[in-house]
Structure formats: C-alpha cells, structure tokens
Amino acid sequence: MGLADADTAENGSGSQHIVITPVLCAVPNRNPGDPKLVGPIAGIRMEPGTMLHSIYGGAEAIEEHFCNYEVNADYVSRFKAAGMRLAAWGPQGELKAFELPTHRFFLAMLFQPQRAQKQPHPVVTAFLKAAAALASTNMAGRAKA
C-alpha cells in the first residue's frame with residue numbers, strides 16, 4: 001500500500017496511518033472485560049467470486065468474533081488498490097475479510113473459525129484441502145525428477 005509507517009492502533013505508535021482501529025460499535029450485553037466484539041455475528045456477507053464465497057457455498061454466514069480491533073474504513077479503498085480482494089462484509093458494511101488473489105490460499109479475517117460451533121469449520125477444511133493438493137502436486141513433480 002506504500003505506507004511505510006502503517007500500523008495498528010493497538011501498538012500506540014503515533015503513526016499517521018493507522019489501518020487497524022478500535023471496534024466502533026460494541027456488542028450489547030457482553031460480559032465485563034470481554035472484547036467489544038464478542039460472540040456470533042449474523043449477516044456476514046461473502047462477495048461473489050471470492051474464495052470465501054466458494055468455501056461457504058453461499059453469500060451469508062454467522063461467524064464468531066472475539067476482538068477489539070477492525071479495519072479502518074478510511075483505508076479500504078487502498079487495500080483494494082493494492083491488489084487485495086475484499087471478500088466479506090459485516091452487517092454495518094465493515095470489512096470482515098480480504099484475500100490475496102496472487103497467493104494460493106491467503107485469507108485475512110476478523111472472525112475466528114476456531115471459535116465456531118460447527119467444527120470442522122469450512123475455512124479450516126478448505127485450507128487443509130488446498131495444502132493436501134499442493135503436497136500432492138509437489139510429490140508428483142518430485143517423482144518425475
């Protein structure tokens with residue numbers, strides 16, 4: 001993105017380019033001391049044509065969160081201009097996930113598959129399948145050598 005001093009608000013660095021900011025809207029009725037964004041969030045919309053949309057087999061999901069930080073909306077267009085594929089959006093239009101289309105399997109998500117009720121989670125399963133396919137391809141290539 002061309003931002004030498006890009007940082008997260010969590011670090012308190014004083015950078016002019018804070019691309020990760022505190023969550024703007026806290027989840028109501030959360031336990032004291034819990035992060036601002038905790039629990040299942042409905043209405044996570046997957047962008048058609050993305051890896052996430054393909055993994056979920058549809059356009060919407062409920063996902064678990066446990067965080068105090070999110071993507072700074074002021075930088076979303078810069079993420080896209082840098083080649084990141086904007087892949088999922090929250091119910092208030094906040095960016096929840098992006099992908100790097102030049103990478104075999106790169107997903108950055110604010111939701112956390114390891115916290116999901118449904119296990120194995122579709123993202124984890126998709127990652128394992130991609131890793132197995134790569135290993136198989138590499139093994140086949142070595143066998144020919």
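Two strands pair if DSSP finds at least two bridges between them. Helices (H or I, at least four residues) and strands (E, at least two) are themselves DSSP runs, numbered from the N terminus. The model is predicted: local features need pLDDT of at least 70, side-chain atom pairs count only at pLDDT 80 or more, and totals for chains, interfaces and linings use all residues. Residues are numbered from 1 along each chain as its sequence is written, and side-chain values use heavy atoms, with hydrogens and water left out.

Begin with the strands β6 (85-89) and β7 (95-99). β6 and β7 pair in the antiparallel sense over four bridges. One bridge joins W89 to its partner L95 in β7. The two strands form a hairpin with five residues between them, and G93 in the turn has a positive phi of about 85°. On its other pairing, β7 runs antiparallel to β8 (107-109) and is joined to it by three bridges. There, F98 stands opposite A108 in β8. Five of the five residues of β7 are buried; buried means under 20% relative accessible area, exposed over 50%, and partly exposed in between (1.4 Å probe, protein chains only).

Two residues in the loop between β6 and β7 can be followed further. The first is G90, which has its place in this loop. Is G90 buried or exposed? G90 counts as buried because its relative accessibility is 0%. Contact means heavy atoms within 4.5 Å. Not counting residues up to four places away in sequence, G90 touches G43, I44, R45 and K96. The C-alpha atoms of G90 and M46 are separated by 9.2 Å, although these residues are 44 residues apart along the chain. The second is E94, also found in the loop between β6 and β7. E94 has 18% relative accessibility and therefore counts as buried. Leaving aside neighbours within four places in sequence, E94 is in contact with E70, A88 and W89.

The next strand to find is β3, residues 37-46. β3 is mostly covered, with seven of its ten residues buried. Which strands pair with β3? One is β4 (residues 60-67), which pairs with β3 in the antiparallel sense over seven bridges. Within this pairing, P40 stands opposite E64 in β4. Another is β6, which pairs with β3 in the antiparallel sense over two bridges. R45 has W89 in β6 as its bridge partner.

The nonpolar interior comes next. In soluble globular proteins, nonpolar side chains tend to be buried together. A nonpolar core is a set of buried Ala, Val, Leu, Ile, Met, Phe, Trp, Tyr and Cys residues joined through side-chain atoms within 4.5 Å. The largest such core here has 18 residues, and those with the most contacts inside it are M46, L52, I55, Y56, A88 and F111. The elements giving two or more residues to this core are β3, α1 (51-56), β4, β6 and α3. β3 gives the most, with four residues. F111 touches I44, M46, L52, Y56, E63, E64, H65, A88, K96 and A97, not counting residues up to four places away in sequence. Apart from this core lies another, of eleven residues, among them L3, V71, Y75 and L95.

The last topic is the aromatic rings. Rings of Phe, Tyr and Trp (its six-membered ring) pair if their centres lie within 6.5 Å; planes under 30 degrees apart count as stacked, over 60 as edge-to-face and the rest as tilted. How many aromatic pairs does a search of the whole structure find? The search finds three. F105 and F127 form an edge-to-face pair, 5.3 Å centre to centre with 65° between the planes. This pair links distant parts of the chain: F105 lies in the loop between β7 and β8, and F127 lies 22 residues away in helix α3 (residues 122-144). F105 counts as buried because its relative accessibility is 16%, whereas F127, at 44%, counts as partly exposed.

Ring pairs also link F79, F98 and F106 into a cluster. F79 is found in helix α2 (residues 76-81). With 6% relative accessibility, F79 counts as buried. F79 touches M1, V19, V71, M84, L86 and F98, not counting residues up to four places away in sequence. V19 is 60 residues from F79 along the chain, and their C-alpha atoms are separated by 9.5 Å.
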